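Please look at the sheet in this structure and at the elements that pack against it. The account below is meant to be read alongside the model.

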Amino acid sequence: MTMPGHEAAADFREHLIRYGGDTYPEIVEKARGCYVWDAAGRKILDFTSGQMCATVGHNHPNIVAAIKRSCDTALHLFSGMIPRSVVQLAEAIARIVPEPLRKSMFVSTGSESNEAAIKMAKLCTGGFEVVGLGGSWHGVTGGAGSISFASDRKGYGPAMPGTFVLPEPNAYRCPVRHCRDHCDRTCMKVGFELYDMQSTGARAAVIAEPVISAGGVIVPPAGYFDALREETRKRGMLLIFDEAQTAFGRLGHWFAASQLDLTPDILTVSKTLGGGIPLAGVVTSDAIEETCHRRGFAFYTSHVSDPLPATVGLAVLETIEGERLLARSREMGDYLAAGLAELQSRHEEIGDLRGLGLLCGVELVKDREGREPHHELGAMTTRRCLELGLSMNIRRRPERGSVWRIAPPLTVEREDIDLAMAIFDQALTEMKGAMARQPRTTSPAEVSPPDGGGAAR
Ligand SMILES: Cc1ncc(COP(=O)(O)O)c(C=O)c1O
């Protein structure tokens with residue numbers, strides 16, 4: 001089974017550093033809405049929204065117009081100069097974010113936004129210890145990478161001192177082997193007990209994604225974040241919510257925090273704010289901002305407060321509002337979930353379905369009772385889907401299963417979802433048939449690239 005254009009790969013990769021995961025074998029030329037086109041003219045349904053960023057669809061006319069407008073005003077400025085678009089974006093975010101969050105700073109990537117949030121938490125508390133959740137991904141830079149546990153940490157030497165992990169609340173595959181299908185938060189209790197044993201007392205923050213996406217689209221159970229908030233408070237730590245993937249409509253609301261009725265001390269946003277342009281933000285309260293400022297907070301990057309991305313960010317928010325994409329995300333999310341449930345009724349290998357809004361996880365198993373991860377089927381079906389014209393991620397971790405991650409743009413149409421369902425069905429049917437004819441085994445070592453099916457987080 002070779003992908004079209006495979007022969008050309010050696011050429012176009014010749015001067016490129018390989019940075020992780022598999023790359024698509026053809027050059028990709030064009031992206032519009034929910035589709036991308038490769039150099040061979042193949043049209044591919046994009047159920048990863050690019051790198052989970054293009055929630056308003058690729059090259060949305062409003063984004064294109066915003067970029068053009070920036071060419072007439074300013075693209076980039078001295079970092080100490082504040083453009084109008086940055087002021088407007090901060091105001092727009094202050095209007096929709098849960099109180100008392102009110103103040104923003106804009107940088108380029110999610111990793112950077114989490115670096116800034118961690119630094120603020122350290123300054124504010126005077127501590128340095130940061131606790132993250134198993135399976136999480138907060139970025140690849142020093143601090144953010146240190147509290148990411150779905151990424152590859154091997155070979156890079158020590159992580160940031162003072163980083164700790166809580167077992168993630170995965171009810172389908174309980175990490176402390178305690179419960180099945182219903183998480184009673186023993187994972188959190190055990191995790192904090194272990195953390196308290198190791199802590200030097202210089203505690204700074206707990207950081208969490210509302211849905212642990214790269215870790216296999218794990219949706220923490222009701223009440224989990226209230227309990228986490230409480231544990232955080234008891235220890236004098238700040239709660240950082242990383243909404244890189246969940247803010248601005250992916251789950252059907254402006255923020256997962258508002259959906260959960262939970263106010264973190266610091267909220268970070270990135271991917272879904274920029275509509276495909278590098279833009280990230282850190283949002284916090286007046287009190288935290290004031291304390292950090294008094295203690296000398298500095299996060300002076302070349303592109304902090306740049307006008308072009310902020311102009312695009314405003315266009316993203318206006319598009320979400322104007323096209324009623326929050327409601328649409330819920331509606332299409334229900335339609336997608338119903339389609340996947342129908343697929344599950346016909347394919348025993350679909351062990352678990354989970355997700356919120358338009359972020360869905362489909363966990364593949366060898367049998368529903370034993371729940372042994374079906375890594376081989378995960379790899380084969382993802383590859384086959386791509387051959388059939390559908391791009392999506394597979395999240396594979398040896399101990400934690402093989403999970404298709406499905407996250408189309410919020411502008412997705414019913415017909416696109418119908419097409420995806422037909423492709424999933426065909427891929428599953430064919431690959432199961434192929435495996436039945438030629439049984440093979442795959443060892444966990446073979447299936448644990450940092451991120452199977454592309455370097456998507
Ligand atoms: C939840 C989350 N936070 C942070 C990041 C890092 O963002 P970036 O890749 O823009 O640095 C990612 C990236 O995948 C992510 O999924």
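What follows describes the sheet, its pairing and the helices in contact with it.

The model is predicted. Seven strands, in the order 4-10-9-8-7-5-6, make up an open sheet of 7 strands with mixed pairing. Its edges are formed by strand 4 (101-107) and strand 6 (163-166), each of which pairs on one side only, and from one strand to the next the twist averages 20°.

At one edge, strand 4 runs antiparallel to strand 10 (residues 280-285), to which 6 bridges join it. Within this pairing K103 has T284 of strand 10 as its bridge partner, while S104 is matched with V283 of strand 10. Strand 10 also pairs with strand 9 in the antiparallel sense, over 4 bridges, and here L267 stands opposite V283. Strand 10 is largely enclosed by the rest of the structure, because 6 of its 6 residues are buried, that is, under 20% relative accessible area.

Two helices that pack on the sheet are set out in the table, with the angle between the direction of each helix and that of one strand.

| Helix | Strands touched | Angle |
|---|---|---|
| Helix 5 (residues 110-125) | strand 4, strand 5 (129-133), strand 7 (203-208), strand 8 (238-242), strand 9 (266-269) and strand 10 | about 25° with strand 10 |
| Helix 8 (residues 224-234) | strand 5, strand 6, strand 7 and strand 8 | about 145° with strand 8 |

Which edge strand does helix 5 touch? Helix 5 touches strand 4, whereas strand 6, the other edge strand, is among those touched by helix 8.

Note on methods:
Residues numbered from 1 in each chain as written. Predicted model: local features only at pLDDT ≥ 70, side-chain atom pairs only at ≥ 80, totals over all residues. Heavy atoms only, no water. Pairing = 2+ DSSP bridges. Helix = DSSP H or I, 4+ residues; strand = E, 2+ residues; numbered from the N terminus. Axes fitted to C-alpha atoms, helices over the stretch in contact; angles between N-to-C directions. Contact = heavy atoms within 4.5 Å. Buried < 20%, exposed > 50% of the residue type's maximum accessible area, 1.4 Å probe, protein only.
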